[in-house]
Amino acid sequence: SDGEIAAYVRGGEPADKAGAYAIQGDGARFVRSVRGSITNVIGLPLDEVAERARALGVPGASQPLSVEAVTLRQRSLRGEIAALAVASGRPPETVRMISVSKGHPAEAVCAAIAGGAEDLGENYVQEGVAKRRAVEAASSAASSLRWHLIGPLQRNKARQAVTGFDLIHTLDRIETAQALVRAATRPVAVLVQVNVDRDPTKSGVDPEHLETLLNGLRPLDRLRIDGLMTIGSHAADP
C-alpha cells in the first residue's frame, strides 16, 4: 500500500540500495518469490566463491580471518539466510543465526557484531563469561546481544552459567536444573537437549526418557523451558 511504501522510505533504507531495496533488509517484506540465483541478488556470494575455489585447488587461509573478513562474512551469511527465507515464503526475522565464537578473541566477536550479529554461542562457560565481559567493555552494541551456552553444562558451573548466558541449550539432567535454580535470582531460560539419534558422542536425554525429565522439571521455580535442542545425524537426504 501507499502507507507501507511511505513508512519504508521514511526509514531511510532505500537511499543506498540498488533498486531502492535489499532482499536481506526491510525490503524483504515486499518480496513474494525469488527466481534464479538468490545470492547474486545480495552481492558477491562468498560461500559459492569459496566452494568453487576449493574445487579448483585454491588453498584455504592459513591464518585466522581478519576482523574485516569476519564482518564481511557475517553480512554475507545473514544476507543469504534472509534471501533463502524469503524464497521459501518465510519472513527473514523468523530465522535466527547464532554465531559461534568458541576459541575466537573478543575482537572477532566485535567484528561479527559490526556485521550484524545479534546472537553469540559459546561452548565453555568460563570462556564465554570472560568473553562477554570483554565484548561489553569494547562494543556499544553489546547490550542488545543474546549469549547462548551451546556446550555441556556441569553442575559446578551453574552459577556462572546463570549470570553469563541468556539461553542454555544443553539441559539434560534434573540435578543440573536444580543447581541452576538454586543459583538463580531471575527466570533461567533453557532448552532441553534430546539425543534424537542416540549418538554416544553427543549429550542429551534419550527420546523415551524426555517426558519423565520434563515432568521432573515443571515444578522448578525460575526455570523457563523454551523448547528442545536436537542435532540430527548427517544424511544424504536432509
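The questions and answers below go through some features of this predicted model.

Reader: Why is the contact between Asp119 and Arg146 called a salt bridge?

Author: A salt bridge needs a side-chain nitrogen of Lys or Arg within 4 Å of a carboxyl oxygen of Asp or Glu. The side chains of Asp119 and Arg146 meet at 2.8 Å, N to O, so the pair is a salt bridge by that cut-off. The structure holds 9 salt bridges.

Reader: What does the pair of Asp119 and Arg146 tie together?

Author: Asp119 lies in strand S2 (residues 119–122) and Arg146 in strand S3 (residues 146–149), so the salt bridge ties together parts that are 27 residues apart in sequence.

Reader: How do you know that S5 and S6 pair?

Author: Two strands pair if there are at least two bridges between them. Strand S5 (residues 188–194) and strand S6 (residues 223–230) are joined by 7 bridges and run parallel, so they pair by this rule. One example is Val192, whose bridge partner in S6 is Leu228.

Reader: How many bridges join S4 to S5?

Author: There are 2 bridges between S4 and S5, which run parallel, so the requirement of at least two is met. Ile168 has Val190 in S5 as its bridge partner.

Reader: What makes S1 and S6 the edges of the sheet?

Author: The open sheet has 6 strands in the order S1-S2-S3-S4-S5-S6, with parallel pairing. Strand S1 (99–100) and S6 each have a single partner strand, so one side of each is left without a neighbour in the sheet.

Reader: Which helix belongs to the β-α-β unit with S5 and S6?

Author: Helix H9 (residues 210–217) makes a right-handed β-α-β unit with S5 and S6.

Reader: Why is the space lined by Ala161 and Val188, among others, called a cavity?

Author: A cavity is a set of points where a 1.4 Å probe fits but cannot get out, so the name says that this space is closed to the probe. About 30 Å³ of space lies in the largest cavity. Its lining includes Ala161, Phe165, Ile168 and Val188. Helix H7 (158–164), strand S4 (167–171) and S5 each supply at least two residues of that lining.

Reader: What is known about the largest pocket?

Author: A pocket, in contrast to a cavity, is an open set of points. The largest pocket holds about 520 Å³ of space. Of the 22 residues that line the largest pocket, the closest to its centre are Gln24, Arg78, Ala82, Pro92 and Glu93. Helix H4 (residues 67–87) gives the most to its lining, with 5 residues.

Methods:
Residues are numbered from 1 along each chain as its sequence is written. This is a predicted model: local features need pLDDT of at least 70, side-chain atom pairs count only at pLDDT 80 or more; totals for chains, interfaces and linings use all residues. Side-chain values use heavy atoms; hydrogens and water are left out. Helices (H or I, at least four residues) and strands (E, at least two) are DSSP runs, numbered from the N terminus. A crossover is right-handed if, with the strands pointing away from the viewer, the path from the first strand over the helix to the second runs clockwise. On a 1 Å grid over the protein atoms alone, a cavity is a set of points where a 1.4 Å probe fits but cannot get out, and a pocket is an open set with protein on both sides within 12 Å along at least five of seven lines; lining residues have an atom within 4 Å of a point. Grid points are joined across faces, edges and corners, and a volume is the space filled by probe spheres set on the points.
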